[in-house]
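User: I should like a close look at one part of this structure, namely the surface that the protein presents to the DNA. Please describe it in a connected account.

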Protein chains: 2
Amino acid sequence: MTTTPTVYDVAERSGVSIATVSRVYRNPDSVRAQTREKVLAAARELGYVPSGNARGLASRSTGVLGLCFPDYSDPDAESEAEAGVGDEPDDNAAMLYSDQIIRGMERAARRHGYALLIAASLKSGPETLVAKVAGRVDGFAVLARTVPTEELEVISRRRPVVMLAGPREPGELDRPVRLDHIQVANADGQRELTRHLIEDHGLRRLAYVGSAEDSPDVEARFRGHTEACRAAGIAVADAPDVRVGMMTQAEGARAAATLLDGPGEHPEALLFANDQMAVGALHTLEGRGLRVPQDVTVTGFDGIPLSRMVRPALTTVRQPMRRMGEEAVELLVRRLNGQENKEPESLTLPVSVVRRASCGC
Amino acid sequence: MTTTPTVYDVAERSGVSIATVSRVYRNPDSVRAQTREKVLAAARELGYVPSGNARGLASRSTGVLGLCFPDYSDPDAESEAEAGVGDEPDDNAAMLYSDQIIRGMERAARRHGYALLIAASLKSGPETLVAKVAGRVDGFAVLARTVPTEELEVISRRRPVVMLAGPREPGELDRPVRLDHIQVANADGQRELTRHLIEDHGLRRLAYVGSAEDSPDVEARFRGHTEACRAAGIAVADAPDVRVGMMTQAEGARAAATLLDGPGEHPEALLFANDQMAVGALHTLEGRGLRVPQDVTVTGFDGIPLSRMVRPALTTVRQPMRRMGEEAVELLVRRLNGQENKEPESLTLPVSVVRRASCGC
DNA sequence: TTGAAAGCGCTAACAA
DNA sequence: TTGTTAGCGCTTTCAA
């Protein structure tokens with residue numbers, strides 16, 4: 001017979017009860033050394049591996065935390081890596097957001113004795129991704145807008161869920177949603193960056209490129225921008241000068257072209273809501289023989305590694321994604337250790353302006 | 001009552017049997033639309049989330065693949081990131097091996113409908129990490145030397161396991177181990193790199209820095225090195241000129257100092273078994289006023305992103321870690337789909353020499 | 001220190 | 001299309 005061995009098999013073979021076998025694995029010291037050895041020997045001979053499912057079912061906990069993130073692949077970045085722009089193919093060396101968050105969560109989870117289950121969204125049939133993850137973990141984090149809020153609502157009644165990066169939705173507090181929440185100071189960061197361009201570099205004709213989808217993060221960045229402009233007495237529109245669909249390099253390049261081809265003098269500075277677009281813009285500017293920052297200033301947002309590798313290196317606002325992952329785990333662990341009934345927490349992590357060549361610093 | 005709702009609760013509330021509730025989640029089309037809606041409504045009201053454990057237990061599968069990797073943190077890299085060498089603190093932008101493998105596995109797993117469970121080794125008490133992971137997944141990958149072979153032996157009798165990066169151990173084939181296995185062509189890569197230094201750059205006094213622990217990967221690299229030397233008629237020792245403990249930047253810096261301070265003329269080239277050490281060596285050389293590559297050539301191995309960012313950029317051998325993760329998943333999936341009794345597979349992925357400034361290219 | 005027995009919440013035949 | 005009935009392999013009282 002090739003059926004996988006169970007506690008019963010191990011118990012029988014070692015002449016003890018299944019309870020003792022169980023004890024050997026949960027709390028070895030509660031079993032006499034001699035008995036323990038017998039059990040372990042039998043387990044080894046049989047190739048016994050305790051079933052995580054059965055354990056979880058019986059003990060109502062998994063020892064696993066989860067992370068759901070969107071399918072964040074920037075096709076540009078992919079193809080660029082493959083094509084080996086300027087260098088060799090690079091196995092996509094640039095870390096994505098999700099990679100950094102994963103790393104942060106994994107580290108923190110490990111410290112607390114948890115493993116990490118990760119899954120990118122890709123609604124596969126009837127069961128959504130979250131449902132699958134949610135059912136297998138003690139608690140989990142979700143990158144904003146990966147999962148419909150209604151679903152999170154249901155799940156958050158049963159398991160701690162922490163939302164990453166998306167500001168709390170309006171009206172959400174009225175409903176029985178118990179989501180903790182970690183975000184970064186998007187508005188503060190962009191405000192400070194825009195202020196820097198205005199005050200320290202004396203720029204006044206600024207163009208902002210945001211995204212079409214109403215990402216709250218991107219909106220917050222634009223808000224920071226407008227605040228800085230107004231504070232300096234510079235007129236600014238209610239909406240970004242250009243809104244793109246995907247926030248990719250290609251879209252950034254296109255947006256730059258649009259802004260340069262506009263009527264009148266071209267802007268002194270192009271501010272992008274993320275680094276990828278800003279990098280795309282650099283390509284456009286280079287193609288047109290415009291020098292950065294002498295002819296045009298370019299800035300991004302995020303602080304991805306690529307922002308430092310391009311020439312000129314990109315002035316941007318760095319988000320502490322790794323730390324966000326760590327904080328997420330800390331929050332979940334706290335919830336799992338008896339804080340389950342406290343009010344939802346909302347944590348805002350500080351960002352920092354990184355001044356590099358693309359703004360003239 | 002605050003007990004989490006089960007199929008029974010949902011069934012009762014919606015006036016159907018538990019089997020129907022189950023069907024709604026597994027195979028919605030097998031339930032009349034009207035019934036389905038009733039069930040889903042009840043589920044929503046109750047905040048029902050199907051228990052992954054119970055499902056797994058009943059269906060004998062989890063839909064999850066796993067990865068165990070060692071605690072690969074290079075303390076140098078960490079502190080360097082914090083200190084912000086040459087730039088701002090960087091949130092540790094460089095991707096580690098494990099990050100790339102994770103990314104590769106996650107992508108591939110997603111394509112096949114699996115989630116990924118990751119855990120770094122950190123033997124926590126009685127239950128080893130692997131045991132925990134092994135019990136919760138349908139199959140998993142292990143980075144070489146993360147887990148004692150005996151343990152893998154037991155586990156591989158019950159679940160597909162693929163070993164990454166470590167060559168098959170001698171004698172392993174005699175035992176009932178059914179490990180699949182993916183490695184990179186370490187020897188080929190180093191042989192080609194060494195040959196390049198000798199033939200294309202005319203270097204002859206080469207020093208090799210390996211590691212103290214007998215990592216098969218590192219040994220294979222050194223073997224490639226010696227083969228290239230002998231082929232060119234250059235005398236070479238049986239062992240690396242220096243063996244370090246940790247393969248970190250600090251050790252690399254130290255190794256470089258040792259080699260430079262040796263008797264006689266210093267080597268024309270310092271070849272390191274990984275990039276981290278080579279980067280450390282660059283620091284040492286800079287500190288001594290030696291120019292790379294004019295005064296000394298330096299090479300690494302791995303092709304980590306950092307190797308491209310340092311100045312001079314490092315000539316190295318790039319390993320396709322991401323692809324390794326993908327291949328691991330493909331292998332596991334194949335095993336899980338009926339290939340379970342085939343002979344262990346062993347796959348060797350090609351590497352490529354990356355010629356950059358540090359060798360004079 | 002060890003054992004007996006009762007679930008944990010679901011899936012999977014098999015019936016209806 | 002829906003319901004009934006056994007388990008799946010473990011943990012967990014409670015006793016001994």
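Analyst: The account below takes the two DNA strands in turn and then turns to the helices and loops beside them. The model is a predicted one.

The UniProt annotation "domain: HTH lacI-type", which comes from an unreviewed entry, covers residues 5-59 of chain A. Over that stretch the chain is 71% helix and 0% strand, and the C-alpha atoms at its ends are 20 Å apart.

DNA strand C is surrounded by 26 residues, and the closest are T20(A), T35(A), V7(B), S22(B) and Y48(B). Of the atoms of this strand that come within 4 Å of the protein, sugar and phosphate account for 68%. Two backbone contacts illustrate the phosphate side of DNA strand C. A polar backbone atom of V7(B) is 2.4 Å from a phosphate oxygen of the strand, and a polar backbone atom of S51(B) is 3.3 Å from a phosphate oxygen of the strand. A base is also reached: a polar side-chain atom of R23(A) lies 2.6 Å from a base oxygen of DNA strand C.

The elements that each give two or more residues to the surface near DNA strand C come from both chains: helix 2 (18-26) and helix 4 (52-59) of chain A, and helix 1 (7-14), helix 2 (18-26) and helix 4 (52-59) of chain B. The most is given by helix 2 of chain B, with 5 residues. By class, the residues of this surface divide into 13 nonpolar, 7 polar and 6 charged.

DNA strand D is likewise surrounded by 26 residues, the closest being V7(A), S22(A), Y48(A), R23(B) and T35(B). Sugar or phosphate makes up 63% of the atoms of DNA strand D within 4 Å of the protein, and the rest belong to bases. Among the base contacts, a polar side-chain atom of Y8(A) lies 3.1 Å from a base nitrogen of DNA strand D, and an N or O atom in the side chain of R23(B) is 2.5 Å from a base oxygen of that strand. On the phosphate side, a polar backbone atom of S17(B) is 2.8 Å from a phosphate oxygen of DNA strand D.

At least two residues of the surface near DNA strand D are supplied by each of helix 1 (7-14), helix 2 and helix 4 of chain A and helix 2 and helix 4 of chain B. This surface has 14 nonpolar, 7 polar and 5 charged residues.

Helix 2 of chain B also packs on helix 3 (residues 33-46) of chain B, at an angle of about 95 degrees and with the axes 10 Å apart. Because of that angle, helix 2 of chain B is roughly perpendicular to helix 3 of chain B. Helix 2 of chain B contributes T20(B), V21(B), V24(B) and Y25(B) to the contact, while helix 3 of chain B contributes T35(B), R36(B), V39(B), L40(B) and A43(B). The residues of this contact divide into 6 nonpolar, 2 polar and 1 charged. T35(B) thus has a place in this helix contact and is also one of the closest residues to DNA strand D.

One backbone feature remains to be noted after helix 4 of chain B. R60(B) is found in the loop between helix 4 and strand 1 (64-69) of that chain. Although R60(B) is not a glycine, its phi is positive, at about 55 degrees.

Key: Residues are numbered from 1 along each chain as its sequence is written. Chains are lettered from A and ligands numbered from 1 in the order in which they are written. This is a predicted model: local features need pLDDT of at least 70, side-chain atom pairs count only at pLDDT 80 or more; totals for chains, interfaces and linings use all residues. Side-chain values use heavy atoms; hydrogens and water are left out. UniProt positions are given in the numbering used here, feature names are shortened, and annotations may be inferred rather than shown by experiment. Helices (H or I, at least four residues) and strands (E, at least two) are DSSP runs, numbered from the N terminus. A residue is near a molecule or strand if one of its heavy atoms lies within 4 Å of it. A polar contact is a pair of N or O atoms within 3.5 Å; within protein, one must be able to donate a hydrogen and the other to accept it, and residues adjacent in sequence count only if both atoms are side-chain atoms. Ala, Val, Leu, Ile, Met, Phe, Trp, Tyr, Cys and Pro count as nonpolar, Asp, Glu, Lys and Arg as charged, and the others, Gly among them, as polar. Axes are lines fitted to C-alpha atoms, for helices over the stretch in contact, and angles run from 0 to 180 degrees between N-to-C directions. Angles under 35 degrees count as roughly parallel, over 145 as roughly antiparallel, 65 to 115 as roughly perpendicular and the rest as oblique. Contact means heavy atoms within 4.5 Å.
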